[in-house]
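Grab a pencil and open your viewer. Below are some short exercises, each with a worked solution to check yourself against.

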Amino acid sequence: QVQLVESGGGVVQAGGSLRLSCAASRSILSIKTMAWYRQAPGKQRELVAAFTRLGSRNYADSVKGRFTISRDNAKNTVYLQMNSLKPEDTAVYYCNALYYDRDYWGQGTQVTVSS
């Protein structure tokens, strides 16, 4: 099993920055994929960024060049640095871990970008 705890959400003005953190209960090197998803009101949950165990990174087109996923293996933590935030980035952001072909989710953290 994997427990995930997110932090770092909040309210920010358009153009601002936030950094989200996701702390895992086990070594993230043992986890196949760590990812950030988001869900806006009335919309489906969507992939924002993902980091595979081998180190490759993937981003949604809507966040490329603005968001960066990174990790600290020693802290078993994955980060999402979000710059140049837009009102359309407003959503609940969820951390996800794919571990032995099972998905694990954090509780989510709210990000609100005001115009």
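**Exercise 1.** Leaving aside its neighbours within four places in sequence, which residues is alanine 97 in contact with?

*Solution.* Before starting, keep in mind that this is a predicted model.
- Step 1: find the residue. Alanine 97 sits in strand 9, which covers residues 91-99.
- Step 2: list the partners, skipping neighbours within four places in sequence. You should get Val2, Leu4, Ile31, Thr33, Met34, Arg102, Asp103 and Tyr104 for alanine 97.
- Step 3: check the burial. The cut-off for buried is under 20% relative accessible area. Alanine 97 has 0% relative accessibility, so it counts as buried.
- Step 4: try one distance. Threonine 52 is 45 residues from alanine 97 along the chain, and their C-alpha atoms are separated by 9.9 Å.

**Exercise 2.** Work out where glycine 108 is placed, and decide whether it is buried or exposed.

*Solution.*
- Step 1: look between strand 10 (102-105) and strand 11 (109-114); glycine 108 is in the loop there.
- Step 2: take its relative accessible area, which is 16%. Buried means under 20%, so glycine 108 is buried.
- Step 3: see what glycine 108 touches. Apart from neighbours within four places in sequence, its contacts are Glu6, Val92, Tyr93 and Tyr94.
- Step 4: pick out glutamate 6. From glycine 108 to glutamate 6 there are 102 residues in sequence, yet C-alpha to C-alpha they are 6.4 Å apart in space.

**Exercise 3.** Describe how strand 7 and strand 8 pair.

*Solution.*
- Step 1: mark the two strands, residues 67-72 for strand 7 and residues 77-82 for strand 8.
- Step 2: read the direction and the bridges. The pairing is antiparallel, over 6 bridges. One pair to look up is serine 70 with its bridge partner in strand 8, tyrosine 79.
- Step 3: look at the link. The two strands form a hairpin with 4 residues between them, and in that turn asparagine 76 has a positive phi of about 50°.
- Step 4: a reminder for when you look at side chains: in a regular strand they alternate between the two faces of the sheet.

**Exercise 4.** Place serine 84 and tyrosine 100, then give the phi and the exposure of each.

*Solution.*
- Step 1: serine 84 belongs to the loop between strand 8 and strand 9. Its phi is positive, about 50°, although serine 84 is not a glycine.
- Step 2: tyrosine 100 belongs to the loop between strand 9 and strand 10. Its phi is near 50°, again a positive value in a residue other than glycine.
- Step 3: apply the cut-offs: exposed is over 50%, and partly exposed lies between that and the buried class. At 42% relative accessibility serine 84 is therefore partly exposed, while tyrosine 100, at 69%, counts as exposed.

**Exercise 5.** Now zoom out: how many helices and strands does the protein have, and does its radius of gyration agree or disagree with a compact globule?

*Solution.*
- Step 1: count the elements. There are 0 helices and 11 strands.
- Step 2: compare radii. A compact globule of 115 residues would have a radius of gyration near 13 Å; the protein has 13 Å, so the two agree.
- Step 3: add the box. Along the principal axes, the C-alpha atoms fill roughly 40 × 25 × 25 Å.
- Step 4: finish with burial and contacts. Buried residues are 43% of the 115. Of the contacts with a separation of 6 or more, 52% come from residues 24 or more positions apart.

Key: Residues numbered from 1 in each chain as written. Predicted model: local features only at pLDDT ≥ 70, side-chain atom pairs only at ≥ 80, totals over all residues. Heavy atoms only, no water. Rg over C-alpha atoms; globule rule 2.2 N^0.38 Å. Buried < 20%, exposed > 50% of the residue type's maximum accessible area, 1.4 Å probe, protein only. Contact = heavy atoms within 4.5 Å. Pairing = 2+ DSSP bridges.
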